[in-house]
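Subject: A structure for you to look at

Hi there,

Here is the structure I promised to pass on to you. Have a look at it first, and then read my notes below.

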Amino acid sequence: MKTLKARPQGSASLSLPSLAYALLLAVLVAFALHVIVSAGPAARAAAQEYVAQAIAEEDRQFCEMFGMRSGTDTFVACSRELANIRQRQVDRDSAAAEGIL
């Protein structure tokens with residue numbers, strides 16, 4: 001006659017496939033967090049570089065539209081003034097977001 005061993009009450013046991021699945025999920029989550037943390041600064045730098053290039057191209061097109069060729073003193077002055085305009089717009093947007101305007 002076979003006797004069955006009783007499990008102690010209150011103890012939870014996971015089957016081997018469930019444990020393997022949980023372990024795999026934990027490894028995947030850890031890997032995803034590692035990728036996010038390590039790729040974040042590089043992605044941010046690439047985005048900032050893209051914005052800087054887009055602004056430089058906009059400046060070039062705008063200033064050259066009015067006859068100020070790239071590399072001239074007038075072009076530099078035009079680009080500087082465009083940067084001032086952009087900064088004032090950022091300041092206005094920030095003030096509006098804070099409810100000042």
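Let's start with F66, which counts as exposed because its relative accessibility is 52% and the cut-off for exposed is over 50%. Please keep in mind as you read that this is a predicted model.

F66 has a partner: together with F62, F66 forms an aromatic pair. The two rings sit 5.1 Å apart, centre to centre, with 65° between their planes, and that makes the pair edge-to-face. The count of aromatic pairs comes to one. F62 is partly exposed, at 36% relative accessibility.

Next, the disulfide. In case the word is new to you, a disulfide is a covalent bond between the sulfur atoms of two cysteines. The count here is one, and the cysteines joined are C63 and C78, with 2.0 Å from S to S. Which parts of the chain does this pair link? C63 belongs to helix α1 and C78 to helix α2, so the bond links distant parts of the chain, 15 residues apart. The torsion about the S-S bond of C63 and C78 is about -90°, so this disulfide is left-handed.

Are the two cysteines buried or exposed? C63 counts as buried, with a relative accessibility of 0%. C78 counts as buried too, at 11%. Both values fit the rule that buried means under 20%.

Now find S79, which lies in helix α2, the helix that covers residues 73-97. With a relative accessible area of 15%, S79 is buried. What does S79 touch, once its neighbours within four places in sequence are left aside? The contacts of S79 are D59 and C63. You have met C63 already, as one end of the disulfide.

Finally, take a look at the surface. Y21, L25, V29, L33, I36 and V37 make a nonpolar patch of about 640 Å². One of these residues, V29, is in helix α1, which runs over residues 16-65. V29 has a relative accessible area of 44%, so V29 is partly exposed. A residue needs over 30% relative accessible area to be part of a patch, and V29, at 44%, fits that.

If you want a route through the model, try going from the F62 and F66 pair to the disulfide between C63 and C78, then to S79 in helix α2, and end at the nonpolar patch that includes V29.

Enjoy exploring!

Best wishes

How values were computed. Residues are numbered from 1 along each chain as its sequence is written. This is a predicted model: local features need pLDDT of at least 70, side-chain atom pairs count only at pLDDT 80 or more; totals for chains, interfaces and linings use all residues. Side-chain values use heavy atoms; hydrogens and water are left out. Patches are made of residues with over 30% relative accessible area and no salt bridge: like charges are joined within 9 Å, nonpolar side chains (Val, Leu, Ile, Met, Phe, Trp, Tyr) within 5 Å. Accessible areas come from the Shrake-Rupley method with a 1.4 Å probe; for residues, only the protein chains shown count as cover. A salt bridge is a side-chain nitrogen of Lys or Arg within 4 Å of a carboxyl oxygen of Asp or Glu. Helices (H or I, at least four residues) and strands (E, at least two) are DSSP runs, numbered from the N terminus. Buried means under 20% relative accessible area, exposed over 50%, partly exposed in between (1.4 Å probe, protein chains only). Contact means heavy atoms within 4.5 Å. Rings of Phe, Tyr and Trp (its six-membered ring) pair if their centres lie within 6.5 Å; planes under 30 degrees apart count as stacked, over 60 as edge-to-face and the rest as tilted. A disulfide is a pair of cysteine sulfur atoms within 2.5 Å.
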